[in-house]
Amino acid sequence: MKKRIISGAVYTALLVGFFCLKIYVHAFCFDALIYAFAIMGTWEILRAFKDKTTKSQRVMVMIFAIVCIPVCAVTEEYLSFGLHYTCVCFFTLAVALLSLLVLDHDKTTPENLGVSFLSAIYPVLLLSILVLVNHAPAPVALKDVAFNSSLLILFIFVVSPLSDVFAFIFGLSLKKVFPKKLAPTLSPNKTIIGAIGGLIGGMIGACALYFLYGKLAGSYENMGLWLPVYLTMGLLTSAATAFGDLVESCIKRKVGIKDMGKIMPGHGGVLDRIDGTLFASMVVYLAFSVVRMYLI
């Protein structure tokens, strides 16, 4: 438990430090942290799937991890085409991997090709969404509301942890009263009451962001509109966090390992720490896109 607390404190300090660098220096600083997540996470998942992929496939996926995040960040910052160029990177990887059916046909199978694609999507392609969040432009029409990339990152890295904390508290304190399992095959320790606690924690985190961040950087105009938006985003983000945890649990169970790595004592690897974050990023970015389209 002591190691877990220390690792969690170090991780939190890193997030806060790079978030401050994003605000006061440049958004690329936070991209550097995402890039580190991508490289280390790809290394972890390739190691977990080592017996299920070939060396050529692992090299191609690692090159994709090295190239994709910087390309996404630079093109989004200066051209607003980060998503397009991320797709170009992935398409290039797809062509390269499929070419192995001809160039390395003795070792290449549909099964190991599928695992290679999964290793590229999880985590790099999902982390590219976090890059887009980091560079999300503040809608001009919302100049009186602090709905910008900094808020979106806070949604991901405040709501998700709070969701995990409340899920743990509810599950630990109420599992004897409500013992029903959420997904007994994938994660035997998760309960439905814990999942409900996670949803509550997500909405509490969103509500706190509305008042605290709004006080510091925004306003409380149109509270009847924006508070429900925040609460809905908090609910969806916490649900995505729980789903991401289950996805990670399923992958580890399929390959027969307990943790993806050991870089964070008490937590495991990088992927063990950001599993929920990967899916929370998608929900937050989609919610931001909807807000831009329909509420401006």
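A bend at a residue, as the word is used in these legends, is the angle between two fitted helix axes, one through the seven residues ending there and one through the seven starting there. Every view below comes from a predicted model.

**Figure 1. Helix α3 and its bend at V67.** By that definition, α3 turns by about 25° at V67, and a proline, P70, comes within four residues after the bend. The helix runs over residues 55-79, which makes 25 residues. From first C-alpha to last, α3 covers 35 Å, close to the 36 Å expected at 1.5 Å a residue.

**Figure 2. The buried residues of α3 and what they pack against.** Zoom in on α3 and you'll find its buried residues at Q57, R58, V61, M62, F64, A65, C68, I69, C72, A73, T75 and E76. Their packing partners are three other helices: α2 (27-48), α4 (82-103) and α5 (110-134).

**Figure 3. S80, just after α3, with a positive phi.** S80 sits in the loop between α3 and α4. Its phi is positive, about 60°, although S80 is not a glycine. How much relative accessible area does S80 have? The value is 52%, and the cut-off for exposed is over 50%, so S80 counts as exposed.

**Figure 4. A cis peptide bond from Y122 to P123.** Here's one to check if you're going through the backbone torsions: omega is near 20° for this bond. P123 belongs to helix α5, and α5 (110-134) is one of the helices that the buried residues of α3 pack against.

**Figure 5. The hairpin between β1 and β2.** Strand β1 takes in residues 181-183 and strand β2 residues 187-191. The two strands pair in the antiparallel sense, over 2 bridges. K181 has T191 in β2 as its bridge partner, and 3 residues make the link from β1 to β2.

**Figure 6. T241 and its contacts.** T241 is part of helix α8, which spans residues 223-255. Is T241 buried or exposed? With 1% relative accessibility, against a cut-off of under 20% for buried, T241 counts as buried. Leaving aside residues up to four places away in sequence, T241 touches S160, D164, G276 and A280.

**Figure 7. L162 and its contacts with G201 and G205.** L162 lies in helix α6 (residues 149-174). Its relative accessibility is 27%, so L162 counts as partly exposed. Which residues does L162 touch, not counting those up to four places away in sequence? The contacts are G201 and G205. L162 and G205 are 43 residues apart in sequence, yet their C-alpha atoms are 6.4 Å apart in space.

**Figure 8. Stepping back to the protein chain, with 9 helices and 2 strands.** Follow the sequence and the elements come in the pattern α-α-α-α-α-α-β-β-α-α-α. Along its principal axes, the C-alpha trace of the protein chain spans about 65 × 55 × 35 Å. The radius of gyration is 20 Å, which agrees with the value near 19 Å for a compact globule of 296 residues. Buried residues account for 46% of those 296 residues. Take the contacts between residues at least 6 apart in sequence, and 73% of them join residues at least 24 apart. As for the accessible surface, the protein chain has about 14,900 Å², with 71% belonging to carbon and sulfur atoms.

Note on methods: Residues numbered from 1 in each chain as written. Predicted model: local features only at pLDDT ≥ 70, side-chain atom pairs only at ≥ 80, totals over all residues. Heavy atoms only, no water. Expected span 1.5 Å × (residues − 1). Buried < 20%, exposed > 50% of the residue type's maximum accessible area, 1.4 Å probe, protein only. Contact = heavy atoms within 4.5 Å. Pairing = 2+ DSSP bridges. Rg over C-alpha atoms; globule rule 2.2 N^0.38 Å. Areas by Shrake-Rupley, 256 points an atom, 1.4 Å probe, with all protein chains shown as cover.
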